[in-house]
Amino acid sequence: MNAVPPTGVGGIKPSDDGKQREGRVAFGALGIGGLKMKIHRASVARLFEQNDLVLDVEEVYAIGKAL
């Protein structure tokens, strides 16, 4: 995704944050960035709870779904 012209993919605006477009949920570059940071913060917080914790893609995905 791109937040500067040419923006995004086929009609998706950079600021779309779960907006319905043509029957689909759209996330633009800025919408994704906010979600990414929420997942990042929650994942890092989990790492501070246990010093030998390793988060794989499934665990990070589960953290994201829980948000």
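Burial is a good place to start: 19% of the chain's 67 residues count as buried. Keep in mind that this is a predicted model. The chain holds 2 helices and 2 strands, and a nonpolar patch made by Val44, Leu47 and Phe48 lies on its surface.

**Fold and order of elements**
- Following the sequence, you will meet the elements in the pattern β-β-α-α.
- Helix H1 covers residues 29-49, and Phe48 belongs to this helix.

**Overall dimensions**
- The radius of gyration of the chain is 15 Å, whereas a compact globule of 67 residues would have one near 11 Å.
- Measuring tape in mind, picture a C-alpha trace that spans about 45 × 25 × 15 Å along its principal axes.

**Contacts along the sequence**
- Take the contacts between residues at least 6 apart in sequence: 21% of them join residues at least 24 apart.

**Surface**
- The chain exposes about 5,300 Å².
- Carbon and sulfur atoms supply 57% of that exposed area.

**The nonpolar patch**
- Which residues form the nonpolar patch on the surface? They are Val44, Leu47 and Phe48, and together they have about 300 Å² of accessible area.
- Is Phe48 buried or exposed? Phe48 counts as exposed because its relative accessibility is 74%, and the cut-off for exposed is over 50%.
- For orientation in the viewer, look for Phe48 in helix H1.

How values were computed. Residues are numbered from 1 along each chain as its sequence is written. This is a predicted model: local features need pLDDT of at least 70, side-chain atom pairs count only at pLDDT 80 or more; totals for chains, interfaces and linings use all residues. Side-chain values use heavy atoms; hydrogens and water are left out. Patches are made of residues with over 30% relative accessible area and no salt bridge: like charges are joined within 9 Å, nonpolar side chains (Val, Leu, Ile, Met, Phe, Trp, Tyr) within 5 Å. Accessible areas come from the Shrake-Rupley method with a 1.4 Å probe; for residues, only the protein chains shown count as cover. A salt bridge is a side-chain nitrogen of Lys or Arg within 4 Å of a carboxyl oxygen of Asp or Glu. Helices (H or I, at least four residues) and strands (E, at least two) are DSSP runs, numbered from the N terminus. Buried means under 20% relative accessible area, exposed over 50%, partly exposed in between (1.4 Å probe, protein chains only). The radius of gyration is taken over C-alpha atoms; the globule rule is 2.2 Å times the number of residues to the power 0.38. Contact means heavy atoms within 4.5 Å.
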